Amino acid sequence: MSNTLADWSLDVDADEIAWLTLDKLDSSTNVLTESILDQFVAHLDHLARLPLRGLVIRSGKGNGFIAGADVRAFTPMASREQALTLIRRGQRAFDRLEVLPFPTLALIHGFCLGGGLELALACRYRVARDDEATRLGLPEIRLGIHPGFGGSMRAVRLLGGLKAMDLMLTGRTVSARQAKRLGLIDHAVPERHLHSAARTLLHDRPSPRHARRSERLSNHRLVRPLLAPLLQRKIAQQARPDHYPAPYALLNLWHRHADDPQRMLDVEAASVAELITGATAQNLVRVFLLQERLKGLARAADCQVKHVHVIGAGVMGGDIAAWCALSGMTVSLQDQTPERIAPALGRAATLYARKSKDPRKVTAAWDRLIPDPRGRAVARADLVIEAIFEDKDVKQALYRDIEPRLRADALIATNTSSIPLEHLAPALEHPQRLVGLHFFNPVAKMQLVEVVRGQLTSELAVQQAMAFTRAIDRLPLPVTSTPGFLVNRVLMPYLLEAVSLETEGVPATLIDRAAVDFGMPVGPIELADSVGLDVCLHVARILAAQLHTEVPERLEELVSEGRLGRKSGAGFYHWRKDRPHKPRPASGHYPFADLTDRLMMRLFNEARACLREEVVADRDLLDAGMIFLTVASIALSLALMRTGGAQYLAQLVNAAVTIINAGVGIVATSDP
Ligand code: NAI
């Protein structure tokens with residue numbers, strides 16, 4: 001027997017097992033919408049009347065089970081009541097699933113996230129395909145909310161408070177095997193055993209998994225008051241409640257209501273309705289949608305580039321080459337001597353070891369990465385990426401040398417961070433092939449790439465550069481060829497203002513504190529020290545001339561004294577073990593509000609000017625640039641110094657929220 005309700009299809013086999021398959025129409029990924037939930041409930045009502053041995057819920061999409069609730073439905077959310085109605089609908093659907101009179105099973109492959117995992121948690125059993133593509137998690141916290149379709153309650157019940165809180169507070173995803181170890185699923189099995197594992201469970205009907213006694217202990221009403229303050233302290237190290245209320249709300253929900261499931265469901269719904277209509281969640285959803293927009297600007301499938309020739313194996317060129325080879329491109333890497341290429345290969349080894357556990361993939365990446373000190377492969381390349389010294393004449397000489405050897409349709413991309421393309425293009429016979437691909441350091445961590453269009457750059461070159469950026473799994477941000485493009489232009493005046501304040505006598509510690517109090521993850525003085533004062537000076541000199549601002553003498557002084565910041569052990573601060581020593585400021589009157597205004601207004605004004613001068617095409621792209629470039633670089637430099645990835649993410653999110661809450665979003669989205 002079979003039955004179809006648009007997005008779902010139902011088959012009941014000869015064993016009286018019902019197979020309910022979600023294959024959302026007009027979409028490559030399954031997400032939960034109101035309509036899909038309504039259809040789901042209609043199916044469940046129908047099934048409840050049948051004499052069944054069991055129900056299997058699965059996905060008809062190749063890429064996964066269900067990636068979560070449809071984020072587009074979250075914004076704009078008109079009112080708390082509207083949000084509550086939506087959440088209640090999801091809760092009721094999964095409650096209905098939980099009380100069916102026969103066993104239920106979620107058959108999981110690929111993404112099983114957010115609402116998708118909440119659905120699976122309402123089933124009696126869960127079986128997942130054991131391969132690299134399967135990822136399970138409750139990442140709602142990253143959108144400034146927490147699970148709302150009963151997932152908080154069911155995760156706590158199934159895993160115990162500590163494990164469930166860890167999963168939900170970090171928003172991390174786990175593989176099928178990790179999920180099995182955690183107790184989140186019953187079996188992790190290879191593809192070929194998926195169906196038989198499901199059938200066996202529905203036939204044998206073992207009692208469903210419950211949290212072990214030791215896991216349940218953390219939910220005890222006498223233990224929760226002891227654990228909650230510890231968890232709260234951990235959360236407070238990463239996010240402030242006014243910037244990022246979701247983790248505090250989730251902790252509170254568990255702390256107060258973990259032993260009353262019905263009450264927990266009610267409060268869960270109310271809490272998510274409150275969070276989702278708040279500024280933080282609305283902004284984080286917007287960040288998510290901006291990221292989707294950048295992804296949608298070009299398609300990896302349209303990329304014609306197969307062979308990339310990188311010239312300059314320094315900090316940037318070496319890492320760009322390694323990343324491209326790991327992403328499947330054939331890469332030849334040129335520098336002045338083989339000795340200059342060697343360190344880049346050493347860094348590639350570290351990157352490959354970190355990024356892939358599969359030795360075959362690593363070997364394949366090495367096979368694609370070809371050292372080419374004499375530049376012989378340049379004639380075969382589809383794309384040449386130039387990443388040599390930041391010097392107009394040196395770059396022009398190189399272009400004159402290589403262009404006669406290039407294929408007629410080959411593109412040249414420069415990684416220059418400050419030289420307008422118009423200053424480089426005159427060296428070329430065919431300047432329309434020159435485009436900017438401005439990667440950020442470190443290449444493997446920074447997702448965004450500014451794709452720079454010069455006045456003479458052809459549309460085809462821009463489109464190919466964008467598609468290439470997607471093909472190597474980076475986010476392209478199209479910008480025009482103006483000094484500093486977007487990110488350096490916006491960041492530099494802010495850093496220079498901080499240096500000026502310090503020169504005027506405001507202690508560095510106070511300047512940084514003002515920025516951190518505002519919500520930046522790290523202050524501008526500490527940031528300058530960690531980027532390197534010589535690097536700051538170099539970019540500042542180029543930009544200051546173009547933007548009619550001064551390079552503070554203090555910066556010149558420090559660099560000439562060899563005080564380069566963290567890397568030399570001293571800059572504005574003294575550094576020990578990669579940490580700055582921040583002296584307690586002498587007492588004195590330093591108007592704090594003024595400090596913050598002076599710092600942040602430089603950043604906002606420059607962002608505004610970029611919009612006016614059409615450095616980026618519209619307000620959304622400006623916001624995307626501000627968030628993914630500026631904030632990412634600030635957060636990253638801090639994270640690289642101190643911590644691993646998780647904290648980086650938290651800080652990025654924290655800073656993103658702050659910066660949009662504080663007005664960059666408003667700068668970009670309000671009318672002038
Ligand atoms: P780097 O100094 O580390 O490396 C430059 C490499 O180019 C050196 O290995 C040098 O031997 C080689 N080179 C110079 N002239 C050459 C030629 N004619 N033929 C072949 N190889 C040549 O420089 P880095 O930092 O990698 O910067 C490269 C470019 O990337 C610059 O345009 C810079 O502005 C830009 N950039 C740098 C960033 C950074 O954080 N370092 C960030 C974004 C862009």
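## An open sheet and its packed helices

In this predicted model, Val 451 has Pro 478 of strand 19 as its bridge partner. The pairing to which strand 19 belongs joins it to strand 18 in the parallel sense, over six bridges. Strand 18 and strand 19, together with helix 18, make up a β-α-β unit that is right-handed.

These strands are part of a wider arrangement, an open sheet of eight strands with mixed pairing, whose order reads 14-13-12-15-16-17-18-19. Because strand 14 (369-371) and strand 19 (475-480) each have a single partner strand, they stand at the edges, and one side of each is left without a neighbour in the sheet. From one strand to the next, the twist averages 25 degrees.

Elsewhere in the order, strand 12 (residues 307-311) pairs with strand 15 (residues 383-386), again in the parallel sense, through four bridges. Ile 311 is found opposite Glu 386, a residue of strand 15. Two helices that pack on the sheet are set out below, with the strands they touch and the angle that each direction makes with that of a named strand.

| Helix | Strands touched | Angle between directions |
|---|---|---|
| Helix 12 (residues 279-296) | strand 18 (448-453), strand 19 | about 80 degrees with strand 19 |
| Helix 18 (residues 459-471) | strand 12, strand 15, strand 16 (411-414), strand 17 (434-438), strand 18, strand 19 | about 175 degrees with strand 18 |

Helix 18 thus appears both in the right-handed unit with strand 18 and strand 19 and among the helices that pack on the sheet, where strand 12 and strand 15 are included in its contacts.

Note on methods:
Residues numbered from 1 in each chain as written. Predicted model: local features only at pLDDT ≥ 70, side-chain atom pairs only at ≥ 80, totals over all residues. Heavy atoms only, no water. Pairing = 2+ DSSP bridges. Axes fitted to C-alpha atoms, helices over the stretch in contact; angles between N-to-C directions. Contact = heavy atoms within 4.5 Å. Right-handed = clockwise from strand over helix to strand, strands pointing away.
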